[in-house]
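Student: Can we go through this one together? I'd like to start with the aromatic side chains and then look at the empty space.

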Amino acid sequence: MFTRSISLSVMDDYFSSSSSSAWLLHILNIFTIILTVRAQLPGTWELLVPNAGVASMHTAVTRFNTVVLLDRTNIGPSRKLLPGGHCRYDSDDVVLKKDCYAHSVVFDPQTNQIRPLMIQTDTWCSSGQFLPNGTLLQTGGDLDGFKKIRKFEPCEPGGFCDWVELKDVELTEGRWYATNQILPDGTVIIIGGRGTNTVEYYPPERNKNGAVELKFLADVEDNQMDNLYPYVHLLPNGYLFIFANNEAVMYDHEGNKVIREYPILPGGPRNYPSAGSSVMLALEADFSTAVIVICGGAQYGAFIQRSTDTPAHGSCGRIVATDPKSGWEMEDMPFGRVMGDMVMLPTGDALIINGAQSGTQGFGMASNPCLNPVLYRPNQPIGLRFMTLNPGTVPRMYHSTANLLPDGRVLLAGSNPNVFYNFAAEFPTELRLEAFSPEYLSPDRANIRPVIEGISETIHYGKAFDVFVSVSLPVVGIVEVNFGSAPFATHSFSQGQRLVKVTVTPPVPDGGRYRIKCTAPSNGAVAPPGYYMVFAINQGVPSVARWVHLVP
């Protein structure tokens, strides 16, 4: 990198001089500058597992603090065998008709242990969401997985839970590149897919008349698709914000009607195969305001032209989705980025990570990895919201994921821009698991990091509950209590991601710890029923989360 900044004439002057030590000293000084600049950027990286066995295309964190990693089945040999001689037999699989390799594993971040799981049908570019009881619902895929419904009921790290493929029910329509979102009553809506401009539901009782047309998806489809994996956010008014290509609507899923069309987001397509990423910012106060942010993406035409060097979008759009007169507020990230991931941190900031600075989604269709994460700070003034963070060293390109862990770190998994596993490609299949620790986990903040000493395991909507925390240094000011969902991360969007800041009173000393009185989220539109990571936040530093079950 530094050699580009030193002219050949300067090099000649050094080598022609009698003092080669001056040249060496110059080189060492440049390395020192580079390393110093890098060390000054916030955040730290750690390698957790050098070989997870599978390249995770889909990732979800369970209420037992384990992580489900899921690839596709028709990819040939992985690097993890199924136990006990188990094999999958598929006469239609063109690569392995007898497949004894795992294509899904469960990872325990506490011990860094990996256990293989058995998936039977193809999960390529599928979708998922946790049900209210903590079971992971997983839907669709390609080939024999096109109409499949699967479940993973998680267990303690030492357990033997595994995938179950439902035999008595299937999707009304095949779903490939669809998006799932849990609704206020715990039902899951499944939206879109390649060539599937409809919605349907799980449990399937609401599908008595078949899938329901969503004309909006057909209207925004272009000649390179760009309406796949739509960004779906459940608004606190109970409606859905659905974004595809460069347009968005507010959708009444009960009445099956569009009740608002939002202004077009400038800058071209933002969804697969041109995807950036999207989050809904934290819900707080009276929970009536929802703000959506969409960042990055590929330029239109990059996918059709198979262009790997077309610069990615660097722009972000932000809109108050619940304001009837709102428009997009635009700002620029420090880097253009396609197929990045946006992760809501416990503090309410968003981490933008993974992806490339050029190209588009697809096999071998991107270049110039974007190694620097960026922190989006929504409460800062426009122009000051982005902070560049410490870069990683592992390119996380197509088919990579990012998920918040209960300890506040962010897990990075996957990246396979190759048709099969290929470890000799320019951007090889990636089996390493890493964790990125935001600055709030730095050692100099350990003495203000709270510990949750007590909280109810079950919390009811709108009811009061207490949280007990301990902190090394005296607490000054409010300690936030924030509920974070466990989303299903795939293809640059975390389906069902949500952060809710509940109402709290100032902490009161209580026998060597602090008692915080809280009021639970008011209803399922604010926070759908299910399991949440609950974090206590003291001066911007989150505790390790405790899982609670939020119920009516």
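Tutor: One cut-off to begin with: a residue counts as buried if its relative accessible area is under 20%. Also, this is a predicted model.

Student: Okay. Is Trp-328 buried or exposed, then?

Tutor: Trp-328 has a relative accessible area of 13%, so Trp-328 is buried. Phe-243 is buried as well, with a value of 0%.

Student: How many aromatic pairs does the structure hold?

Tutor: There are 18 aromatic pairs. In one of them, the ring centres of Phe-243 and Trp-328 lie 6.1 Å apart with the planes at 85°, so that pair is edge-to-face.

Student: Where do Phe-243 and Trp-328 lie?

Tutor: Phe-243 is in strand E17 (residues 240–244), and Trp-328 is in the loop between strand E22 (315–320) and strand E23 (329–332), so the contact ties together parts that are 85 residues apart in sequence.

Student: What about Phe-465 and Phe-483?

Tutor: Their planes are at 70° and their centres 6.1 Å apart, so Phe-465 and Phe-483 are edge-to-face. Phe-465 belongs to strand E35 (residues 464–470) and Phe-483 to strand E36 (residues 479–484), so this pair ties together parts 18 residues apart in sequence. Both Phe-465 and Phe-483 are buried.

Student: Which rings are linked into a cluster?

Tutor: Ring pairs join Trp-124, Trp-176, Tyr-177, Tyr-229, Tyr-272, Phe-363 and Tyr-398 into a cluster.

Student: What lies over the face of Trp-124?

Tutor: Arg-72 does, at 4.4 Å from the ring centre. Elsewhere, the charged end of Arg-513 sits over the ring of Phe-468, 4.1 Å from the centre of that ring.

Student: New topic: pockets. What volume does the largest pocket have?

Tutor: Its volume is about 520 Å³. The largest pocket is lined by 26 residues, and the closest to its centre are Thr-347, Gly-348, Asp-349, Pro-378 and Asn-379.

Student: How does that lining divide?

Tutor: Into twelve nonpolar, seven polar and seven charged residues.

Student: And closed space? How many cavities of 30 Å³ or more are found?

Tutor: The search of the whole structure finds six. The largest cavity has a volume of about 220 Å³. Of the 21 residues that line the largest cavity, Phe-130, Ser-485, Ala-486, Gly-530 and Tyr-531 are the closest to its centre.

Student: Which elements give two or more residues to that lining?

Tutor: Strand E8 (127–130), strand E12 (179–182) and strand E43 (530–538). E43 gives the most, with three residues. The lining of the largest cavity has eleven nonpolar, eight polar and two charged residues.

Student: And the second largest cavity, what lines it?

Tutor: That cavity has a volume of about 100 Å³. It has 15 lining residues, with Met-344, Leu-404, Ser-485, Pro-487 and Gln-497 the closest to the centre. Strand E24 (341–344) and strand E30 (400–404) each give two or more residues to the lining, and the largest share, three residues, comes from E30. The lining divides into nine nonpolar, five polar and one charged.

Student: Last thing, the hairpin. In what sense do E26 and E27 pair?

Tutor: Strand E26 (residues 356–359) and strand E27 (residues 366–369) pair in the antiparallel sense, over three bridges. Ala-356 stands opposite Pro-369 in E27. The hairpin has six residues between the strands, and Gly-362 takes a positive phi near 130° there.

Definitions and conventions:
Residues numbered from 1 in each chain as written. Predicted model: local features only at pLDDT ≥ 70, side-chain atom pairs only at ≥ 80, totals over all residues. Heavy atoms only, no water. Phe/Tyr/Trp six-rings, centres within 6.5 Å; stacked < 30°, edge-to-face > 60°. Helix = DSSP H or I, 4+ residues; strand = E, 2+ residues; numbered from the N terminus. Buried < 20%, exposed > 50% of the residue type's maximum accessible area, 1.4 Å probe, protein only. Lys NZ or Arg CZ within 6 Å of the ring centre and 35° of its normal. 1 Å grid on protein atoms, 1.4 Å probe; cavity = no way out; pocket = protein on both sides within 12 Å on 5 of 7 lines; lining within 4 Å. Points joined across faces, edges and corners; volume = space filled by probe spheres on them. Nonpolar A, V, L, I, M, F, W, Y, C, P; charged D, E, K, R; others polar. Pairing = 2+ DSSP bridges.
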